[in-house]
Amino acid sequence: QVQLVESGGGLVQAGDSLRLSCVASGRTFSSYVMGWFRQVPGKEREFVSGISRSGGSTDYPDSVKGRFTISRDNAKNTVYLQMNSLKPEDTAVYYCAARTWAQSRNFFDYDYWGQGTQVTVSS
């Protein structure tokens, strides 16, 4: 079992940056593959980024590649999402998630979820 708590969301203008954090408690953090997803009302949860247990492998969809960076600090039980050059279409609730198997872009593959943090980007 692992508990996840996100923070760092807020209201920013287009072109600004934000860094989201997700702190994990419970079982050994380094045992988990981590992912960030986002969701807007009426739409399916969308994969934003993923990172391997060691942090040596990352994955991004084309929509955020080059703008978002995922990283993790296993000593601090924390995964980060650095978001640069934010666009209004990045507005969503952002969730971090954990799973014990291989990296995946599918939200239904993840076992544990945080409560989410709102990111709003104004034009």
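Which residue in strand 8 does Phe-68 stand opposite? In this predicted model, the answer is Met-83, and the views below start from that pair.

**View 1. Strands 7 and 8, with Phe-68 facing its partner across the pairing.** Strand 7 covers residues 68–73 and strand 8 covers 78–83. The two run antiparallel, and six bridges join them. To get your bearings, pick out Phe-68 and look across to Met-83 in strand 8.

**View 2. The open sheet that strands 7 and 8 belong to.** Four strands make up this sheet, lined up as 1-3-8-7, with antiparallel pairing. Strand 1 (2–7) and strand 7 sit at the edges with a single partner strand each, so one side of each has no neighbour in the sheet. Direction ignored, neighbouring strands here are turned by 15° against each other on average. If you're following side chains along a strand, remember that in a regular strand they alternate between the two faces of the sheet.

**View 3. Asn-77, a non-glycine residue with positive phi.** Asn-77 is in the loop that links strand 7 to strand 8. Its phi is near 55°. How accessible is Asn-77? Its relative accessibility comes out at 27%, so Asn-77 counts as partly exposed, given that this class lies between the 20% and 50% cut-offs.

**View 4. Ser-85, in the loop between strand 8 and strand 9.** Here's another residue to check on your Ramachandran plot: Ser-85 has a positive phi of about 50°, although it isn't a glycine. With a relative accessibility of 40%, Ser-85 counts as partly exposed.

**View 5. Strand 9 beside strand 4, paired over seven bridges.** Follow the chain on to strand 9, which takes in residues 92–99. This strand is mostly covered, with seven of its eight residues buried. Strand 4 (residues 33–39) pairs with strand 9 in the antiparallel sense. A handy spot to zoom in on is Trp-36, whose bridge partner in strand 9 is Cys-96.

**View 6. Strand 9 with strands 10 and 11.** Which residue of strand 11 stands opposite Tyr-94? That would be Thr-117. Strand 11 spans residues 117–122, and three bridges join it to strand 9 in an antiparallel arrangement. Strand 10 is made up of residues 112–113 and pairs with strand 9 over two bridges, again in the antiparallel sense. For that pairing, look for Ala-97, which stands opposite Trp-113 in strand 10.

Conventions: Residues are numbered from 1 along each chain as its sequence is written. This is a predicted model: local features need pLDDT of at least 70, side-chain atom pairs count only at pLDDT 80 or more; totals for chains, interfaces and linings use all residues. Side-chain values use heavy atoms; hydrogens and water are left out. Buried means under 20% relative accessible area, exposed over 50%, partly exposed in between (1.4 Å probe, protein chains only). Two strands pair if DSSP finds at least two bridges between them. Axes are lines fitted to C-alpha atoms, for helices over the stretch in contact, and angles run from 0 to 180 degrees between N-to-C directions.
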